[in-house]
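Reader: I'd like to go through the charged pairs in this one and check each label against its cut-off. Can you walk me through it?

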Amino acid sequence: MGDNQWEDGGRGGDSNWMSRLPEELLDVPLWNLAIPGSHDSMSFCLDLSSPVLGSEPFLLRLTDRLLPCWIRPCVYRWSTTQQSVLWYQCELGVRFLDLRIAKKPAGGSTLFFAHGIYTLVTVTEALEELALWLDAHPKEIIIISCSHFESLTDEDHVQLVEFIISLFGRKLCLPQDIPTLRSCWSRGQQLIVSYDNQQMERKYPVLWPTIPYWYADSPDPNKVISYLEEQQRHGRPDGFYVSGLNLTEDILYVLLHPLENLRKMTTKGLSPLLHWTAKQCPGPGGGGVNIVCCDFVSVSRFCSIVISLNFKLLESAIRTPSVTQLPPVLSPELDLLG
């Protein structure tokens with residue numbers, strides 16, 4: 001396996017990276033591998049004509065009713081966390097999708113995604129797109145985290161879960177199993193569905209429990225790193241979990257940067273976050289990373305950096321002839337921004 005196989009033509013990642021991992025990693029539980037993820041995966045298609053979510057602060061909702069032409073573009077600028085469509089995120093190497101589901105106040109039974117405001121793309125359209133991508137990549141496994149569920153009723157939940165089951169069928173990986181690449185391939189399983197609703201989780205045994213997300217809630221990359229390192233000192237969860245590299249604006253930051261947006265803030269702070277990521281190691285140890293999530297996954301070498309961490313699991317065997325041609329682990333000195 002030559003080094004050039006891990007070059008993707010510009011932005012890091014790989015559309016078939018799981019199927020090309022070394023034999024020694026095929027029986028490692030997926031929660032002990034390093035997996036790239038996208039934060040608020042569907043926010044690339046926010047709808048400027050939609051109202052602010054009902055769960056947003058009252059003052060913001062009131063201002064939106066009075067001055068929608070001013071408020072909605074502002075919310076759009078600071079709520080857009082991705083710029084790439086879903087299939088392209090998967091092509092880059094993203095294998096964890098953060099799906100925040102909502103129903104519009106006057107939208108009938110149709111479900112959308114939301115972050116501050118609602119999306120243009122529906123849940124049905126996005127999941128059907130994902131199913132097609134999985135069909136074209138039969139050895140790639142994706143984890144989706146369904147959460148938030150703004151304004152969904154019990155009936156909406158049932159219809160959503162049953163649609164997922166009918167669409168993906170045998171591709172669904174059961175939470176009773178310990179998923180590895182080899183075990184998933186042998187069963188034709190490609191999708192893990194984490195569903196943040198215990199009632200539905202109890203009713204449908206194909207649903208996985210909520211995946212913990214370590215989230216610093218800060219616009220300062222150094223504070224994000226400090227938070228993640230503090231969490232690591234307490235030990236990692238036993239199963240899947242997420243380390244969030246995403247920066248979050250506060251009111252003061254927005255007021256001090258009136259011409260900025262989340263993409264500019266992320267780009268400015270991304271370098272130390274990627275340097276920190278390149279130093280991490282996956283695995284069951286207390287500080288072992290698993291899913292690593294980032295905003296704007298297509299603007300840097302984020303996916304390649306996370307994928308490369310998996311080769312640290314082979315360091316003890318790196319001198320043997322079978323692994324001497326493995327691509328080297330990315331070091332912090334490389335051009336991480338791509």
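Author: What follows is a short round of questions on salt bridges and burial.

Author: This is a predicted model, where local features need pLDDT of at least 70, side-chain atom pairs count only at pLDDT 80 or more, and totals for chains, interfaces and linings use all residues. Residues are numbered from 1 along each chain as its sequence is written, and side-chain values use heavy atoms, with hydrogens and water left out.

Reader: Why is the contact between Arg95 and Glu140 called a salt bridge?

Author: The term needs a side-chain nitrogen of Lys or Arg within 4 Å of a carboxyl oxygen of Asp or Glu. Here the closest N and O atoms are 2.9 Å apart, so the pair qualifies.

Reader: What makes Arg95 buried or exposed?

Author: Buried means under 20% relative accessible area, exposed over 50%, and partly exposed in between (1.4 Å probe, protein chains only). Arg95 comes in at 0%, so it's buried. Glu140 is also at 0%, hence buried.

Reader: And how do you know which label fits Glu230 and which fits Arg233?

Author: Glu230 has 33% relative accessibility, so it counts as partly exposed. Arg233, at 60%, is exposed. These two form a salt bridge as well, with N and O 2.7 Å apart.

Reader: What makes Asp40 and Arg100 a salt bridge?

Author: Their side chains meet at 3.2 Å, N to O, so the cut-off is satisfied. Both residues are buried.

Reader: How many salt bridges does the structure hold?

Author: It holds 12.
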